Amino acid sequence: LGVLHLDQDSAEFGREFTAFCPFAGLANLTGCPAITLPLGTSHDGLPIGIMAMAPFGREDWLLQLAAELEAAAPW
């Protein structure tokens, strides 16, 4: 099985999920908008990206960020 799977108790899953992507839970709990954006690949060809969050109701900031990053480094 992979790093995250549902064949474990919820507490163990929560710990592993938080270690794997620590900021996703914060976005879910607060209801703030978030976006993940590709920025390139590693030497092994694996994708590298970022996760950005904005204040509640400011999805426009994230879409502007995505547009600027795509213009600077097209994906």
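Buried means under 20% relative accessible area, exposed means over 50%, and partly exposed lies in between, with a 1.4 Å probe and protein chains only. The model is predicted: local features need pLDDT of at least 70, side-chain atom pairs count only at pLDDT 80 or more, and totals for chains, interfaces and linings use all residues. Residues are numbered from 1 along each chain as its sequence is written, and side-chain values use heavy atoms, with hydrogens and water left out.

**Exercise 1. Locate Ser 42 and classify its accessibility.**

Step 1. Ser 42 lies in the loop between β1 and β2; strands (E, at least two residues) and helices (H or I, at least four) are DSSP runs, numbered from the N terminus.

Step 2. Ser 42 has a relative accessible area of 24%, so the residue is partly exposed.

Step 3. Between Ser 42 and Pro 74, 32 residues apart in sequence, the C-alpha to C-alpha distance is 16 Å.

**Exercise 2. Describe how β1 and β2 are paired.**

Step 1. Two strands pair if DSSP finds at least two bridges between them. Strand β2 covers residues 47-53, runs antiparallel to β1 and is joined to β1 by 7 bridges.

Step 2. Individual partners can then be assigned. Leu 37 has Ile 50 in β2 as its bridge partner, and Thr 36 stands opposite Met 51 in β2.

Step 3. The hairpin has 5 residues between the strands, and Gly 45 in this hairpin adopts a positive phi near 85 degrees.

**Exercise 3. Identify the residues of the largest nonpolar core and examine the surroundings of Ile 35.**

Step 1. A nonpolar core is a set of buried Ala, Val, Leu, Ile, Met, Phe, Trp, Tyr and Cys residues joined through side-chain atoms within 4.5 Å. The largest one has 6 residues: Ile 35, Leu 37, Ala 52, Ala 54, Leu 62 and Ala 66. At least two residues of this core come from each of β1 (34-41) and α3 (59-72).

Step 2. Ile 35 belongs to strand β1 and is buried because its relative accessible area is 18%. In soluble globular proteins, nonpolar side chains tend to be buried together.

Step 3. Contact means heavy atoms within 4.5 Å. Neighbours within four places in sequence aside, Ile 35 contacts Ile 50, Met 51, Ala 52, Leu 62 and Ala 66. With residues up to four places away likewise not counted, Ala 54 touches Cys 32, Pro 33, Trp 61 and Leu 62.

Step 4. Leu 65 in helix α3 is partly exposed, since its relative accessible area is 29%. Beyond four places in sequence, Leu 65 touches Leu 37 and Ala 52.

**Exercise 4. Find the salt bridge and state the accessibility of both partners.**

Step 1. A salt bridge requires a side-chain nitrogen of Lys or Arg within 4 Å of a carboxyl oxygen of Asp or Glu. The structure holds 1.

Step 2. The partners are Arg 58 and Asp 60, whose closest N and O atoms are 2.6 Å apart.

Step 3. Arg 58 is partly exposed because its relative accessible area is 31%; Asp 60, at 40%, is therefore also partly exposed.

**Exercise 5. Place Phe 23 in the chain and in its surface patch.**

Step 1. Phe 23 is in the loop between α1 (10-20) and α2 (24-30). Its relative accessible area is 55%, so Phe 23 is exposed.

Step 2. Patches consist of residues with over 30% relative accessible area and no salt bridge; like charges are joined within 9 Å, and nonpolar side chains (Val, Leu, Ile, Met, Phe, Trp, Tyr) within 5 Å. Phe 23, Leu 26, Met 51 and Met 53 form a nonpolar surface patch of about 370 Å².

Notes: Accessible areas come from the Shrake-Rupley method with a 1.4 Å probe; for residues, only the protein chains shown count as cover.
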